[in-house]
Amino acid sequence: MTPDDLRDLFAYDRWATQRLLSVLDTVDEATWSAAQVIDERGLGGILVHMLGAYQRWLHGLMEDGTEHRPEREPLIAPAELRRRWAVEWPLMDGFLASRDEAWLGQDDEGVRFDRMLQHLANHDTQHRAEAAALLSQAGRSPGDLDLIVWLEERAGWVDGLPPSRQTRAAAD
């Protein structure tokens with residue numbers, strides 16, 4: 001995986017996570033704070049764990065010595081969760097901007113760094129799916145989180161039409 005591929009993967013990861021975070025203000029406290037819904041976690045616990053794992057992987061790869069364990073704190077509110085994500089995303093952007101193929105090809109105990117980053121994005125996908133299901137059950141669906149939707153939006157698709165077909169459709 002190239003540095004550009006990873007930057008794209010994490011741009012998508014942010015977009016999809018932001019879609020989840022955008023509907024949290026309308027979620028009631030009971031839904032947010034429930035536990036034992038999926039394994040030992042509920043909606044809030046899943047999303048806080050997702051943030052914590054992201055922080056641990058990013059800061060571990062950055063070797064900055066900070067320890068992040070938001071799961072060990074009392075459950076934070078959705079607004080605080082959004083605030084903490086807003087701190088991490090620019091850090092990831094800067095981190096990925098400074099990586100090259102040589103660094104990505106290095107390994108730690110047999111696992112290449114690019115694969116570790118792919119794991120992190122995949123981990124987020126798993127927990128976003130869990131959270132999206134819980135939000136949908138609560139009547140607060142974040143909408144379609146598929147990679148292809150992000151790719152089409154980025155390419156300028158509107159109402160399911162690529163840019164090349166939008167003017168023809170408008171003329172019809």
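A total of 13 salt bridges turn up in this structure, which is a predicted model. Three of these pairs are a handy way into the fold, and a small network rounds off the picture.

One of the salt bridges brings together the side chains of aspartate 13 and arginine 128, with N and O 2.8 Å apart. Aspartate 13 sits in helix α1 (residues 3-21) and arginine 128 in helix α6, so this contact ties together parts of the chain that are 115 residues apart in sequence. How accessible is each partner? Aspartate 13 has a relative accessible area of just 1%, and arginine 128 comes in at 2%. Buried means under 20%, so aspartate 13 counts as buried, and so does arginine 128.

Helix α6, home to arginine 128, is worth a quick check of its own. It runs over residues 113-137, which makes 25 residues. At 1.5 Å a residue, a helix like this should span 36 Å, and the C-alpha atoms at its two ends are 37 Å apart, so the expected and computed values agree. Just past the end of α6 comes glycine 139, which takes a positive phi of about 80°.

Helix α1 supplies a partner to another salt bridge too: arginine 19 pairs with glutamate 153, and the closest N and O atoms lie 4.0 Å apart. Here again distant parts of the chain are linked, as arginine 19 belongs to α1 and glutamate 153 to helix α7 (residues 147-154), 134 residues apart. Buried or exposed? Neither label fits this pair: arginine 19, at 23% relative accessibility, counts as partly exposed, and glutamate 153 is partly exposed as well, with a relative accessible area of 45%.

The next pair involves a loop. Arginine 82 forms a salt bridge with aspartate 25, and their closest N and O atoms are 2.8 Å apart. Arginine 82 is part of helix α4 (residues 78-97), while aspartate 25 lies in the loop between α1 and α2 (29-33), so to speak a link across 57 residues of sequence. On the accessibility side, arginine 82 is partly exposed at 23%, whereas aspartate 25 reaches 59% and counts as exposed.

Finally, some salt bridges share partners. Which residues do they join into one network? The members are Glu73, Glu80, Arg83 and Arg84.

Key
Residues numbered from 1 in each chain as written. Predicted model: local features only at pLDDT ≥ 70, side-chain atom pairs only at ≥ 80, totals over all residues. Heavy atoms only, no water. Helix = DSSP H or I, 4+ residues; strand = E, 2+ residues; numbered from the N terminus. Expected span 1.5 Å × (residues − 1). Buried < 20%, exposed > 50% of the residue type's maximum accessible area, 1.4 Å probe, protein only.
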